[in-house]
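Visitor: I have the entry open and would like to talk through how the chains meet and how the helices pack. Could you walk me through it?

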Amino acid sequence: MHIPDGFLDTKTIIVTNLISGTALYVAFRRLNRAVSPEKVPLMGVLASFAFAAQLLAFPVAAGTSAHITGAVLLAVILGPFTSLVLIAMILLLQALLFQHGGVLTLGANLINLGLAGSLFGYVVYRIREDFLMAGVAAFLAMVAGGVCAAAELTISGRLPWKAAVISIGTAQVGTGLVEGFVTVSVLTVIQHVRPDLLELRKI
Amino acid sequence: MTSLIEFENYTYRYPDGTTALSGFTMNVEQRERVGIVGPNGAGKTTALLALSGLIFGEGTIRIDGETLQKKNGRQLRSRVGLVFQNPDDQLFMPTVYEDVVFGPKNLGWNAAQVDKAAKEALDAVELPGYEQKSSHHLSSGEKKRVAIATVLAMQPDILVLDEPTTNLDPHARRRLMQLLASLEISTIIAGHDLELILELCTRAVIINNGAVIKTGEPKELFQDKLLMEENYLEVPYSLRKVREDVY
Amino acid sequence: MRHSFIDKYSDLTTPIHALHPRVKLLVFLALLFYFAAVPITWWIVGLNVLGLTLGTLIARLPFRFVLKRMMIVLPFLVLIILFIPLFQEQSWTDAGITAARAFCSILALILFMSTIPFRVLLDELSRLGVPKFVIQVFSFIYRYFFVLIDELERMELASRARAPNRSRKHYYTALSRMLGMLIIRSYERSERIYQAMQLRGYDWEESEV
């Protein structure tokens, strides 16, 4: 759910960017202290991966399709703060290069995908730290993100609350199921082929 | 005169236990072009990685007399210009210019030197004016030449190429061969393109199971049907005296 | 694969291309805030569209290209417009205004990104204080994104060639497993890239991060 420019009003823009900015700042501090040389190409290429994966269309129902974000997946492999930073970078590039999501709405989109996914999703994952939990976390993260998006649009006066929640919520349940499924699948493949990838130091 | 490159009884085992190189011994002299051939898994790439100081095993490797160790690895590494098989792994900057100057910049050269090195390197690979192009949008032949430029810019003592003609169409391959022939720098070419080695190299080394089997003049070595087949290779077509049926 | 990318026209020479990157960046951000915040009337919309169209002309960007990229906002707009008849709180005018805001913003974005080469943008961001390692990661993403898309496409093509009539469940499973392989290949590629970087002298202590 990438909200484009023009769909949020000024106050919402400012508040969401402040929230996201703070979260990013904290994540950066953590990352800066711990990032080592090999991590730079790794982060770049995995972010590229998530970027590419987000373009895949998974057919859901009658012509509509869902897209995954991979925030929880990245969090499970690289850690929540790295995941958040990478998602932020991906969002910026998507906005600039493909006009997918807006520039002023980056804060809001980061909340809906990054904070909901990389942070909240990771917390849920940590309850049991197995693949199933990762799938559940990914699902819940999508739904939570959707609720946030609905809230942002409502507060901006673009959509009435009920309409926003129903439409976005329904869409996000579908997307969430796909995201959960794919997260578990990908983790299973990694476990099978290169389990050492799951043992990386997580920031 | 000391050899430019010396491998002395070099052994390398991967973390999972497989022995990639075992008692590997070979030399490369100044101004030589040497071809390293062998089946997949023989240890060609491992030898090249070891020469570049990216992996460390047992035994000795000397570059122009200096023994390669972890502590001098960084300096010696820039004297060996290793070109990977896949240029996409080696061209990681958005523009050609940034990729070519990456090496010189890391060597601490000043802006003027860096710029000069870049220009000369691109001229040497016959791609002048390519500075602002984005590497992703180049043809495989051009990418390969830019990859070579990225290491030439560091003015290495030796150019080392791993499977240089993979994925090149005949025209690009021919151009690459002309380029390599024109560069006056000691060269190691590892790979399966026997015809390339026949044309360009003065000496060939056959390796198998991590060790050197035989070294000699490429034409002599490659004509030896028994030797080639024993090492899972084939006599190159241009040297065959009899037209054999495909088997 | 031929990629349509926003940078296609960023190397042209027009007065807009020639503007200093920081100027373009500031003007662009100002425009975005303007479109998001200003109470809009049809008169203002008309003026803005005119101004932006003029900008597109001066920057010599092909209209088809610009229009195609603008269509991205459509799904969202449809979502908003769809609910107008159901809930009395919103009116057609409100929806129209939102649409106007969205279209103007995106036009400004397209104009901006098409007149500034990506590397120049990164340079500018670096000068504005963005940490070096972030710029490096951005650079990698931009560089390898197309490579990965191509890999994904090849995998998808191969799988389609071997199973033309697939159920959705099968499609999902296949796609997920391909993504799994892609992430592994990406990881391994990053190891090789790091080797390539080391080969050219990249070392933590020396490079300013």
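**Chains and contacts**

Guide: No contact joins chain A and chain B, and the closest C-alpha atoms of these two chains lie 9 Å apart. Please keep in mind throughout that this is a predicted model.

Visitor: Then which chains share the most contacts?

Guide: Of the 2 pairs of chains that touch, chains A and C have the most contacts between them. That contact takes 60 residues from chain C and 53 residues from chain A.

Visitor: Which helices of chain C supply the side that touches chain A?

Guide: Helix H2 (21-37), helix H5 (74-82), helix H6 (92-114), H8 and H9 of chain C each supply at least two residues of that side, and the largest share, 19 residues, comes from H9(C). By class, the residues of the side of chain C that touches chain A divide into 45 nonpolar, 9 polar and 6 charged.

Visitor: And how many residues are in contact between chain C and chain B?

Guide: There, 20 residues of chain C are in contact with 21 residues of chain B. Helix H7 (118-127), helix H8 (132-162) and helix H9 (168-199) of chain C each give at least two residues to the side that touches chain B, with H9(C) supplying the largest share, 7 residues. The residues on this side of chain C are 9 nonpolar, 4 polar and 7 charged.

Visitor: What is chain C built from, in helices and strands?

Guide: Chain C has 9 helices and 0 strands, and along the sequence its pattern reads α-α-α-α-α-α-α-α-α. Of its 209 residues, 33% count as buried, and among contacts in chain C between residues at least 6 apart in sequence, 79% join residues at least 24 apart.

Visitor: Switching to the core, which residues touch the most other members?

Guide: In the largest nonpolar core, which has 194 residues, Val72(A) and Ile141(C) touch the most other members. The element that gives the most to this core is H6(A), with 13 residues.

Visitor: What does Ile141(C) touch?

Guide: Leaving aside residues up to four places away in sequence, Ile141(C) touches Gly44(A), Ala47(A), Ser48(A), Phe51(A), Met89(A) and Leu93(A).

Visitor: Back to H6(A), at what angle do its axis and that of H7(A) cross?

Guide: The axes of helix H6 (residues 131-155) and helix H7 (residues 161-193), both of chain A, cross at roughly 155 degrees and come within 7 Å. Because angles over 145 degrees count as roughly antiparallel, H6(A) is roughly antiparallel to H7(A). The crossing of H6(A) and H7(A) is right-handed, and by class their contact has 22 nonpolar, 11 polar and 1 charged residues.

Visitor: One more topic, the backbone of chain B: where is Glu163(B) placed?

Guide: Glu163(B) is in the loop between strand S7 (158-162) and helix H7 (170-182) of chain B, and although Glu163(B) is not a glycine, it has a positive phi of about 50 degrees. Glu163(B) counts as partly exposed because it has 17 C-beta neighbours inside 10 Å.

Visitor: And what about Asn209(B), which loop is that in?

Guide: Asn209(B) is in the loop between strand S9 (203-208) and strand S10 (211-216) of chain B. Asn209(B) is not a glycine, yet it has a positive phi of about 50 degrees. With 15 C-beta neighbours inside 10 Å, Asn209(B) counts as partly exposed.

How values were computed
Residues are numbered from 1 along each chain as its sequence is written. Chains are lettered from A and ligands numbered from 1 in the order in which they are written. This is a predicted model: local features need pLDDT of at least 70, side-chain atom pairs count only at pLDDT 80 or more; totals for chains, interfaces and linings use all residues. Axes are lines fitted to C-alpha atoms, for helices over the stretch in contact, and angles run from 0 to 180 degrees between N-to-C directions. Helices (H or I, at least four residues) and strands (E, at least two) are DSSP runs, numbered from the N terminus. Angles under 35 degrees count as roughly parallel, over 145 as roughly antiparallel, 65 to 115 as roughly perpendicular and the rest as oblique. A crossing is left-handed if the near helix is turned anticlockwise from the far one by less than a right angle, and right-handed if clockwise. Ala, Val, Leu, Ile, Met, Phe, Trp, Tyr, Cys and Pro count as nonpolar, Asp, Glu, Lys and Arg as charged, and the others, Gly among them, as polar. A nonpolar core is a set of buried Ala, Val, Leu, Ile, Met, Phe, Trp, Tyr and Cys residues joined through C-beta atoms within 7 Å. A residue is buried if 20 or more other C-beta atoms lie within 10 Å of its own, exposed if 12 or fewer, and partly exposed in between; C-beta atoms are placed from the backbone. Two residues are in contact if their C-beta atoms, placed from the backbone, lie within 7 Å.
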